[in-house]
Amino acid sequence: MMNKSDMQIVIVGGGASGFMAAITAAEQNPDAKIVILEKNKTVLNKVRVSGGGRCNVTHNPSDLRFFIKNYPRGEKLLRKLLHHFDAKSTVSWFENKGVKLKTEPDGRMFPVTDSSQTIIECMVRTARNLNIQIKTGTSVRSFTEVTNGVQKGFSIQLDEDEKMYADKLLIATGGYPKASGFDWLQMHNHTIIHPLPSLFTFNTPENYLLSLAGVSVQDALVKISGTKHEWQGPLLITHWGFSGPAVLKLSAWGARDLAEKEYHFICKINWLPQMNEQQVREFLMGEKTKTPKQQIASHARLGIPARLWKAFVSKAEITEELRWSDATHKALNRLTELLTNSQFEVKGKTTFKEEFVTCGGISLTDINHETLESKSVPGLYFSGEVLDIDGITGGFNFQNAWTTGYIAGKNMANY
């Protein structure tokens, strides 16, 4: 058997999970030769754009039972792995390397510098201090299993006929938007769960609210008609439709169903989820007595933003001059319906900024759930989004990257 000092570990993918795996392996086995191969000219590109350039590192550590509920796919595997490296571990890991994180009111965690560059510099500096070689602009075309003496390993085909040997190989290439991206892995008897977009916004081209782009509400209930999918939270009106946490999280949970519908469906929005329809109707009827002389359109009610309120009033066929005392029950019923059960036709989706996330990837049935090693190819490991794991927005996808990278790196470093 080969000595640990002779071990060569190659990591394909210079993203969050690849770096975490490389660093963990190097700390576990300082004598190992570790190389990160990244096809782009720069590393940690998703880290750079995450959170508007601030990097949403993880989510405020909470009870595992609640934390794990933020993963539409991969919950069972992550439930096991998070016992070994959870969000608390992530916070400690970065603090031990000089990077302090802060928690925002919604639970998202960022570096106190509010700059993703802080995370990038931390990862790159740590890797270099551990003598990890980082090769950028290097694509991997394929790999084959070979025998190096008595020890099995891998011959990795790079660009321009260059080859590299590895005793242990980690695939941490992230998600591929098309199934064809997985062809080079499928050759090694791995089942690929068809990749589909997750985390996207809804396009509603005939939406009468499009002129209100930028207006948001802090609490709305969004439903996909004909399904059980719904999510409650902040909602943002955009130039093309709807975004915000409620829509993004809903898109993640409904990713496969919405793809089957070819992103053409009816979206229902309750703008006042804290009240039922009857309570809203009674409130509006009560205004006829409380403020009879006031114009309905001029003063927003129920915490609805002024511009949005005016749009609902107009849609309910209530003129700008109409006073509460003159409003018919029929008109107020229309307004109630708009406030509690607006319906919009969704025709398409838009990727959320640069934070492209896919569901699908390497089937979790094909890997060892303790080590993340391939069941069919000894010495081959997977981590991060290349696996069929994805989380909702809020730092959960990065936590998957850190956790699976840590577990894979730790296990790769040992024979």
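**Exercises on a predicted model: a buried aspartate, a paired strand and the internal spaces**

The side chain of aspartate 167 makes a polar contact with the side chain of tyrosine 165 at 2.9 Å, where a polar contact is a pair of N or O atoms within 3.5 Å, and, within protein, one atom must be able to donate a hydrogen and the other to accept it, while residues adjacent in sequence count only if both atoms are side-chain atoms. The model is predicted, so to speak of local features needs pLDDT of at least 70, and side-chain atom pairs count only at pLDDT 80 or more, whereas totals for chains, interfaces and linings use all residues. Residues are numbered from 1 along each chain as its sequence is written, and side-chain values use heavy atoms, with hydrogens and water left out.

**Exercise 1.** Locate aspartate 167 and describe its surroundings.

*Step 1.* Aspartate 167 lies in the loop between β9 (163-166) and β10 (168-171), strands being DSSP runs of E with at least two residues and helices runs of H or I with at least four, numbered from the N terminus.

*Step 2.* Aspartate 167 is buried, that is, under 20% relative accessible area with a 1.4 Å probe and protein chains only.

*Step 3.* Aspartate 167 has no salt bridge, a term that requires a side-chain nitrogen of Lys or Arg within 4 Å of a carboxyl oxygen of Asp or Glu; the nearest side chain of opposite charge, lysine 33, is 7.9 Å away.

*Step 4.* A polar atom of the aspartate 167 side chain lies 2.8 Å from the backbone nitrogen of glutamine 8.

**Exercise 2.** Determine how β11 pairs with β19.

*Step 1.* In β11 (residues 192-198), five of the seven residues are buried.

*Step 2.* β11 pairs with β19 (residues 357-362) in the antiparallel sense over five bridges, where pairing requires that DSSP finds at least two bridges between the strands.

*Step 3.* Within this pairing, isoleucine 193 stands opposite glycine 361 in β19.

**Exercise 3.** Identify what lines the largest cavity.

*Step 1.* On a 1 Å grid over the protein atoms alone, a cavity is a set of points where a 1.4 Å probe fits but cannot get out, and lining residues have an atom within 4 Å of a point.

*Step 2.* The largest cavity has a volume of about 40 Å³, a volume being the space filled by probe spheres set on grid points that are joined across faces, edges and corners.

*Step 3.* Its lining consists of Glu145, Val146, Lys152, Gly153, Phe154 and Pro378, and β7 (140-148) and β8 (151-158) are the elements that give two or more residues to this lining.

*Step 4.* β8 provides the largest share of the lining, three residues.

Methods
Buried means under 20% relative accessible area, exposed over 50%, partly exposed in between (1.4 Å probe, protein chains only). Lys and Arg count as positive and Asp and Glu as negative; His and the chain ends are not counted. On a 1 Å grid over the protein atoms alone, a cavity is a set of points where a 1.4 Å probe fits but cannot get out, and a pocket is an open set with protein on both sides within 12 Å along at least five of seven lines; lining residues have an atom within 4 Å of a point.
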